[in-house]
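Trainee: I should like a close look at one part of this model. Please describe its fold, its packing and the way it meets its partner, with the cut-offs behind each term.

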Amino acid sequence: MVKSMSDDYQPKIIALVCNWCTYTAADLAGTSRLCYPSNIRMIRMMCTGMIDPKYILKAFLDGADGVFIGGCHPGDCHYINGNLKFKKRMAGIEAIISQFGFEEDRLRLRWIGASEGPEFQHNMTDFIQTIQNMGPSPAKGLMVL
Amino acid sequence: MSVYAMVKDASPTVAVKAALTKLLSQNLVDAVLVAAKSPYSALPMPTLFAEASAMDGIDPLAPAAPFNAARQAATVSRQATGKRLALVLRPCEIRALIELVKLNQCTLENVVLIGIDCLGRMENEVFLRHASALGDVTSEFQKNTSLQDDITRTCQMCEQFEPAHADIAMSTLGMAENSVLFASGSETGEALLKELGLSPAENPAQRETVTKQLREKRAACKKEVFAETSEKINSIEKFEKMIGTCLNCYNCRQACPVCYCRECVFLTDVFAARPETLLRRAQKRGSVKLPTDTTMFHLTRLSHIAHSCVGCGQCSSVCPSNIPVADIFTTVAAQVQAAYDYVPGRDVQEPIPYLIFAEKQKSGEPK
Amino acid sequence: MNQPAKIVVIGAGISGIRSALDLAELGYKVCLLDRAPAMGGILTRLDRQFPNNHCGICRMLPMFDRDNSEAFCLRKGLSHDNIELLLSTEVTGVEGNPGNMTVTMVRQATGVDADRCIGCRECEKICPVEVPDSFNAELGKRKAIYLEVPYQRPNQRVIDLQACTRCGECVKVCPTAAIDLDMKPEILTFENIGGIVLASGTGLFNPQDTDVYGMDHFPNVVTSSAFERILSSSGPYQGSLMRPSDQHPPRKIAWIQCVGSRNPMIGADYCSSACCMISIKQALFAKERLGSDTQTTIFYMDMRTFGRDYQRYRDQAEKENKVAFVRCRIHSIEPGDEEGNLKISYVDHSGKPVNAVFDMAVLATGKDPLRKIPDFAAHPGIIATDAVSEWMDIGSAVVSASAVSERLVRMLSSAGISPEKQAAPPLSDKVAAPPHLQVVLCSCHGSLDKVLAENQLAAELKKIPGRMDIMQVKSVCDAEGLEKVKETLESGPANRLLFAACDTQVFLPKLRQLAAQTGIPKEFMDVVNLRVLAENASSPEVLGEMMQQLEMRANRLFRKKITPTDSRPIRKTALVIGGGPAGLSAALALAAQKIKVILVEKQETIGGNFANIYDAQNREMIGQLIAEAKDQPLITIHTDTEVINNAGVAGQFAARLRDKNGAEITILHGAAVIATGGGKADLPADTRADNKIISLYDLEAELNQPGMDAANINTVVFMQCVGSREEPRNYCSRICCLKSLKTAMKLKELNPDCNISIFYRDMMTYGESEKFYTQARAKGIIFIPFEKQEKPQIKIEAGRVLVQGFDPVLNEPVCLEADRVVLASGLIPNPVDVVAQAFQVSTTRDGFIREADSKWRPVDTGREGIFVCGLARGPVRADEAVQEGKAAALRALRILARDTIAASRHSAYVRHAICSLCERCIAICPFDARFIDPDLGRIMVDPVACQGCGLCAAECPNGATLIGDFEEYGVLDEIEAALG
């Protein structure tokens with residue numbers, strides 16, 4: 001279930017989630033009436049390993065206040081180890097975006113298993129809270145060439 | 001490996017030329033790739049020589065390099081041909097070549113890497129200006145420290161001016177005037193030095209002092225550039241100001257030795273926006289600057305090559321808008337390389353960082 | 001009657017799903033039914049499985065030809081074009097003969113019309129009746145109208161008619177009029193059924209039936225399945241490990257093994273096989289959740305860690321994680337001094353009585369002894385999986401289910417039934433035209449009319465650039481509404497479809513149906529859950545939210561393309577390596593399906609360990625396999641031959657064989673089954689001091705000599721686990737305990753006065769073989785347990801052979817003089833280096849070939865088209881090896897039964913013109929699905945092995961490789977819309 005945040009600042013979050021685990025958890029959170037904020041735009045990926053750095057860069061440059069990535073726990077990946085391969089890739093992306101003034105906390109990777117509806121909800125709420133505390137992304141409202 | 005031989009009483013260029021000529025004429029190698037002047041310009045271009053007699057114009061120590069020649073080196077070593085090649089390269093070119101080997105763009109099979117001490121290169125127009133005034137810039141450059149200050153900004157911050165991984169290293173730093181030290185870095189190099197009949201020598205003691213001093217100077221410069229650049233790009237808005245004049249010409253990617261794609265993704269359908277999308281974007285944001293995806297291009301290119309960036313500075317040199325691309329790339333690359341504990345060109349056996357990952361990791365990120 | 005016969009699979013648990021998928025992948029139409037209102041059985045209640053504590057349920061799904069099925073977690077359900085799922089349904093009668101049977105079923109009234117329910121849960125919100133939640137072991141509450149399994153998709157509710165008070169509130173709020181409290185059970189008759197798989201499971205023992213552990217009075221005594229729910233995030237406490245009485249985290253937890261198992265008093269003279277490992281896993285999770293200082297104690301009789309990697313799992317739990325293992329049978333649980341605590345009294349290893357207090361106790365329950373196999377099970381044409389009569393771990397259940405699928409397929413082909421040749425439905429010509437989107441706004445029976453109108457959504461939608469038509473329908477749940485959409489798609493110009501309606505997953509079957517009818521691929525269709533957004537109708541952002549979601553999906557749809565898919569012809573020849581029971585059974589199973597088999601045997605004869613097998617049943621079974629294989633014209637046998645190399649991809653392999661003279665030939669095949677087997681381990685050198693000390697194999701051979709006289713064998717001491725279950729051979733060989741029992745009893749038969757003692761660590765008589773243990777004890781055979789660090793010692797004094805040990809029952813040392821000391825030395829695999837290298841498959845540290853996943857893909861290897869079975873994979877009994885051979889054959893048949901295999905639409909493809917051949921994609925591919933074609937100098941994608949995970953595309957810097965249905969430009973446009 002989705003609810004709107006009442007505060008004035010409405011962060012925009014892109015969530016790239018793995019089809020197998022986190023997406024199932026998100027669905028479960030939905031059917032279990034676990035509220036999480038509506039300003040999350042979820043995009044289903046088959047695997048976190050499918051996430052191209054371009055997606056994350058694009059999201060930040062288009063004004064996302066945060067990018068959340070949810071994948072299977074290590075060992076649970078449908079594609080054996082796509083999640084770990086993404087984790088490796090992510091270290092580089094973090095190093096890059098942080099140089100351009102995007103705080104590292106705006107990009108978050110979490111492992112959320114299929115049955116972890118409450119964890120999904122908790123993670124979303126917590127991420128939104130973190131982003132709200134941080135304030136808008138430096139690219140927000142900016143004309144990005 | 002460290003077999004030393006000294007050639008004295010000849011200008012470094014002459015000594016190098018003599019050695020390379022011998023390699024070719026004694027059929028120790030089948031061809032040599034080395035920077036050489038053409039009859040039309042003093043600017044040395046990577047040139048492939050198969051005849052010793054054609055080698056007159058070679059000028060590998062010239063403080064000019066219109067290319068990072070790793071690309072050209074990779075072109076001639078794309079696959080093993082059965083012929084033995086000597087590639088005379090600057091240290092940054094060797095590092096880039098090693099990255100290209102890892103990326104399967106070329107092979108070191110039957111390749112002799114010959115490296116030189118690199119005191120830096122000048123921007124092309126600076127070099128040509130000096131050339132028209134001085135004639136032989138190369139010799140003058142070796143001894144004239146004020147000329148040496150005319151090298152590019154990126155060269156001024158380069159600490160890796162000694163040729164690592166070369167089969168044969170040709171050194172001038174810390175040597176007496178008109179002497180060159182030949183050192184072998186491998187069994188291949190050692191065998192070739194013997195064939196060349198050079199007399200054994202000691203590594204002169206002052207070489208270490210000289211290189212150390214230079215490294216310190218360069219490190220200080222690098223620190224300064226990094227600090228300055230970090231400050232200039234530490235918000236996306238500041239970065240936009242830096243790249244406000246970018247033309248999306250992609251020269252930087254063309255000049256980059258490790259940007260190895262046959263066609264850049266920014267020229268493919270992946271970034272070919274539908275007109276509808278552009279109109280919609282303009283509608284939503286009020287306006288859209290064309291060509292689009294300028295920032296995206298630079299950041300994506302960073303995500304593609306930052307780990308392999310060897311800091312050659314060619315991207316800055318070719319930028320028609322004088323954007324200090326190399327400052328940005330080297331500054332960010334340092335962070336990425338630190339994150340992966342990866343040094344480009346360090347080891348040809350070391351895979352690029354994305355292809356190695358820990359099989360076993362604790363479940364769950366910190367909550 | 002021209003319709004090919006269907007198959008009915010009874011029970012949609014692990015076995016049923018495996019079998020249904022096996023058959024569906026071979027092209028058979030399957031009805032998969034379950035009496036529960038949700039599929040999945042125990043699967044849905046398990047989060048993680050031993051021995052790696054991971055989850056991999058989804059690995060059961062089809063690996064290729066994936067366009068036929070939906071890819072999502074199996075907890076949600078199963079969607080395959082060839083599988084019809086019938087829930088809340090039971091078989092009541094079976095008639096006819098294999099090949100043409102009639103099955104009668106009754107579908108229970110659920111009170112909710114599944115075709116109309118959209119899972120909006122309005123009914124559940126209003127329902128006033130609360131009952132204990134059966135999904136969560138009754139530790140929580142649910143409503144009378146409820147969702148059986150919280151993940152279940154479509155998430156259609158059912159009514160618990162026993163709990164329902166018929167107040168009618170739900171009927172009033174249902175927006176789709178899906179609820180009918182007067183719904184009657186429905187009798188369904190299926191004719192033209194080819195065969196039936198019975199996979200209904202064994203049920204789960206309920207300790208309340210024979211309440212010795214006080215489950216009724218002690219809330220903190222729970223079953224292992226309840227503990228599984230307590231551990232789960234979707235469980236009653238959202239994954240916080242708490243005890244039920246006061247919802248505090250327990251500090252001391254006890255596990256009591258064999259509750260309802262190994263208990264002839266209640267008719268349970270069997271071992272449930274998996275409970276020991278489950279308890280270890282649960283203890284490890286308890287420590288992980290609550291901290292390593294949590295005390296976990298497992299009370300057991302024998303710790304049955306008989307699986308290949310299980311002993312190390314136990315050792316690690318004991319040594320590194322400090323899980324305590326106490327060997328004793330707990331007779332009862334008493335209340336502790338503090339509220340909720342439990343007192344457990346036992347005698348420890350040193351014979352000292354101990355009163356221990358625990359915060360919580362877990363009863364390790366297994367098979368239900370009261371569960372009856374249905375009467376119709378014996379009807380010809382019905383084949384039952386082993387999991388109907390035995391409780392077993394997932395890997396064994398999966399093997400058994402595939403073996404049953406193989407038997408069924410064999411039965412069908414002898415009845416002349418083959419699967420329907422399925423041509424992929426042709427794509428509409430419109431697909432190639434420029435994108436044109438049809439948006440369908442569903443007003444959900446008018447309930448969304450207001451939201452749609454107030455927000456002028458239709459008008460807003462027009463702002464989304466691109467060719468688009470918009471229509472509004474009253475309900476796409478009705479056949480009428482869906483028909484209208486279909487007609488519009490057929491008659492209009494649109495070639496993309498976007499529903500603005502409700503739960504995406506409710507729509508998946510509808511999209512599949514529309515795709516089949518209109519020739520527009522389902523990848524060109526999508527759904528936005530408008531309903532969930534509309535629930536916020538008061539919020540001013542709702543229009544923006546709706547628009548953004550719609551634009552995201554629209555953008556993606558506009559960029560979708562159908563990419564040309566490669567198709568590969570299949571070489572319909574199988575290569576089987578190893579002519580033992582596993583290999584022979586695989587070869588025969590394949591040959592039965594008209595597949596040519598090349599059987600390669602390293603020895604000079606086939607049969608494997610046949611010469612050493614004395615068990616009459618096994619001898620007959622293997623003897624028959626040997627004879628059949630020799631007679632089968634489709635099987636070519638190469639003895640004295642090895643496979644030294646193999647190249648190619650699934651469906652098109654070339655292998656190099658070398659005979660003992662060094663002559664080499666190349667053979668072409670489509671799939672290989674590795675069954676290189678194993679054999680008896682030699683006795684350790686230091687045990688060969690006297691000829692009275694012999695191996696178990698020697699004694700077995702001796703006793704089976706014709707005219708054997710055992711009169712002078714008067715005292716025999718058996719010793720188990722010699723050289724095994726400790727490093728370096730730290731695995732259970734699985735056959736020795738049963739073999740020792742059988743041999744000991746044979747000896748008793750030959751010489752009833754013979755004194756027999758068996759020193760053992762843990763008697764591994766799992767499953768039904770427990771009966772032999774019971775019988776052996778009844779025959780007066782003495783069993784003396786020992787621990788690894790206190791092995792009995794063999795002494796030779798003046799020609800006498802003595803065994804000195806410690807008897808914990810007598811609590812004193814024992815010294816036995818023996819005529820024979822019989823050592824069970826176990827099994828070792830045959831060397832697999834050459835074969836593993838040739839087929840590029842990985843091996844375990846003990847030299848077995850590693851399967852792709854021990855639970856979910858037990859006979860697959862990491863390389864598609866290469867399968868493994870029998871002793872090559874791990875210790876097994878001969879009958880188990882035969883089962884594995886069949887299962888491996890069935891897996892191979894998925895490939896070999898086809899003429900061609902085409903790439904699934906959701907697969908990687910390469911755009912050679914811009915490919916720089918850096919080969920990073922090859923390095924990162926987890927399925928070895930990419931390779932360089934040396935002739936073309938191009939990167940190729942193996943359409944069979946590629947799973948569409950997208951690692952290659954993310955690794956490729958310039959989009960030279962893309963993933964069908966997840967092309968980068970589409971995803972980038974979707975991101976843009978999400979942030980617009």
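Mentor: What follows concerns chain B, its contact with chain A and the nonpolar core to which it contributes. This is a predicted model, in which local features need pLDDT of at least 70 and side-chain atom pairs count only at pLDDT 80 or more, whereas totals for chains, interfaces and linings use all residues. Residues are numbered from 1 along each chain as its sequence is written, while chains are lettered from A and ligands numbered from 1 in the order in which they are written.

Chain B contains 15 helices and seven strands; these are DSSP runs numbered from the N terminus, a helix being H or I with at least four residues and a strand E with at least two. Its radius of gyration, taken over C-alpha atoms, is 22 Å, close to the 21 Å of the globule rule for 367 residues, so chain B is as compact as a globular protein of that length. That rule is 2.2 Å times the number of residues to the power 0.38. Along the principal axes, the C-alpha trace of chain B spans about 75 × 55 × 40 Å.

Of the 367 residues of chain B, 47% count as buried, which requires 20 or more other C-beta atoms within 10 Å of the residue's own, with C-beta atoms placed from the backbone. Two residues are in contact if their C-beta atoms, so placed, lie within 7 Å. Among contacts in chain B with a separation of 6 or more, 74% join residues 24 or more positions apart.

The contact between the chains takes 34 residues from chain B and 27 residues from chain A. On the chain B side, helices H9 (205-233), H10 (236-242), H13 (294-305) and H15 (325-340) each supply at least two residues. H13(B) gives the largest share, seven residues. This side of chain B divides into 16 nonpolar, 14 polar and four charged residues; Ala, Val, Leu, Ile, Met, Phe, Trp, Tyr, Cys and Pro count as nonpolar, Asp, Glu, Lys and Arg as charged, and the others, Gly among them, as polar.

Chain B also takes part in the largest nonpolar core, which has 477 residues. Such a core is a set of buried Ala, Val, Leu, Ile, Met, Phe, Trp, Tyr and Cys residues joined through C-beta atoms within 7 Å. Because domain 1 (4-221) and domain 2 (232-355) of chain B both give residues to this core, it lies between them; the domain bounds come from an automatic or database domain assignment.

How values were computed:
A residue is buried if 20 or more other C-beta atoms lie within 10 Å of its own, exposed if 12 or fewer, and partly exposed in between; C-beta atoms are placed from the backbone.
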